[in-house]
Amino acid sequence: MHRIITLTVLLVLLSSVVVKAQIGDYRNDLAIGVNGGYVMSNVGFTPSVTQKMHGGLTGGFTVRYTCEKYFKSICAIVGEVNISQMGWKEDIRTSEDLPVINPLTKVAEEYERQLTYVQVPLMARLGWGRERKGFQAFFQLGPQFGMYLGDKKKSNFDYDSRNVNDRVGALRDAVMDTLSIQRKFDYGITAGFGLEYSNPKLGHFIIEGRYYYGLGDIYKNSKSDYFGRSNNSGIYIKLTYLWDVFRN
């Protein structure tokens, strides 16, 4: 319930940006464009799983509506539709904190799972700086929704020949490595800082760092299920290009 309340509060904050457009200097600017970048992600498992960051690509379309300048803050709403590669990469260790060596291949065992999502962030944006020509710093925050499309498993060992004896949490790994994604819908909170360069003839060039924290789980989490928690999280480095559809 607290997760739904959190998202509701964020949606109210987004709506307040539009309502407050009657207070400051009115804007009616619409820009659209494309974005792309790199995402480093993992999954917060309970019981915990030692992981490295999983690397993947992200990209899609961006729409931005600027509605007012309130004192020195430029207020806008930003929406995106992206395809993103999330997931996790196990750091498989022994009880002595050493890599687990496969008995057949004689190399350290590796396993990763890539989860592909359609993600839709909806963010309130505050910018400070030049609107028409020059640089503008910004901060944006809002809810993000995702729909699972599919996954890909990658390992350097056969499942039946994995080193069960040396693994810490062998049963947990067996469940996690073979269990299909049970909850297709993902949701959470995303926030980021960035810098934008605007030119009346060339458009808007944006670089941004963003963090996403999932409030939902990819696996069921009742008392009879193995995982009590399994939420996505990720760090995004994004480049965006926008061009103006209309400006007031």
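**Two cavities and the residue R64**

T62, R64, V78, E80, R125, F138, Q140, I206, E208, R210, T240 and L242 line the second largest cavity of this predicted model. Several strands take part. Strand 3, strand 4, strand 6 (134-155), strand 8 (203-214) and strand 9 (229-246) each give two or more residues to this lining. Strand 8 provides the largest share, with three residues. By character, the lining residues comprise five charged, four nonpolar and three polar. The space inside the second largest cavity is about 90 Å³.

The count of cavities of 30 Å³ or more comes to two. The largest cavity holds about 130 Å³ of space. Its lining is made of 16 residues, and those nearest the centre are D29, R64, T66, H204 and R247. Strand 1 (25-46), strand 3, strand 4 (73-90) and strand 7 (185-199) are the elements that give two or more residues to the lining of the largest cavity. Here the largest share comes from strand 1, again with three residues. Eight of the lining residues of the largest cavity are charged, four are polar and four are nonpolar.

R64 appears in both linings: it is among the residues nearest the centre of the largest cavity, and it also lines the second largest cavity. This arginine belongs to strand 3, which spans residues 54-70. R64 has a relative accessible area of 7%, under the 20% cut-off, and therefore counts as buried. Its side chain makes a polar contact with the side chain of E196, at 2.8 Å. Beyond its neighbours within four places in sequence, R64 is in contact with D29, L30, A31, A76, I77, V78, R125, E196, H204, I206 and L242. Some of these partners recur in the linings. D29 and H204 are among the residues nearest the centre of the largest cavity. V78, R125, I206 and L242 are among those that line the second largest cavity.

S224 offers a contrast. It is found in the loop between strand 8 and strand 9. S224 has a relative accessible area of 71%, over the 50% cut-off, so it counts as exposed. The side chain of S224 makes a polar contact with the side chain of S222, at 3.1 Å. From C-alpha to C-alpha, S224 and R64 lie 44 Å apart in space. In sequence, 160 residues separate S224 and R64.

Key
Residues numbered from 1 in each chain as written. Predicted model: local features only at pLDDT ≥ 70, side-chain atom pairs only at ≥ 80, totals over all residues. Heavy atoms only, no water. Helix = DSSP H or I, 4+ residues; strand = E, 2+ residues; numbered from the N terminus. Buried < 20%, exposed > 50% of the residue type's maximum accessible area, 1.4 Å probe, protein only. Polar contact = N/O pair within 3.5 Å; in protein donor to acceptor, adjacent residues only side chain to side chain. Contact = heavy atoms within 4.5 Å. 1 Å grid on protein atoms, 1.4 Å probe; cavity = no way out; pocket = protein on both sides within 12 Å on 5 of 7 lines; lining within 4 Å. Points joined across faces, edges and corners; volume = space filled by probe spheres on them. Nonpolar A, V, L, I, M, F, W, Y, C, P; charged D, E, K, R; others polar.
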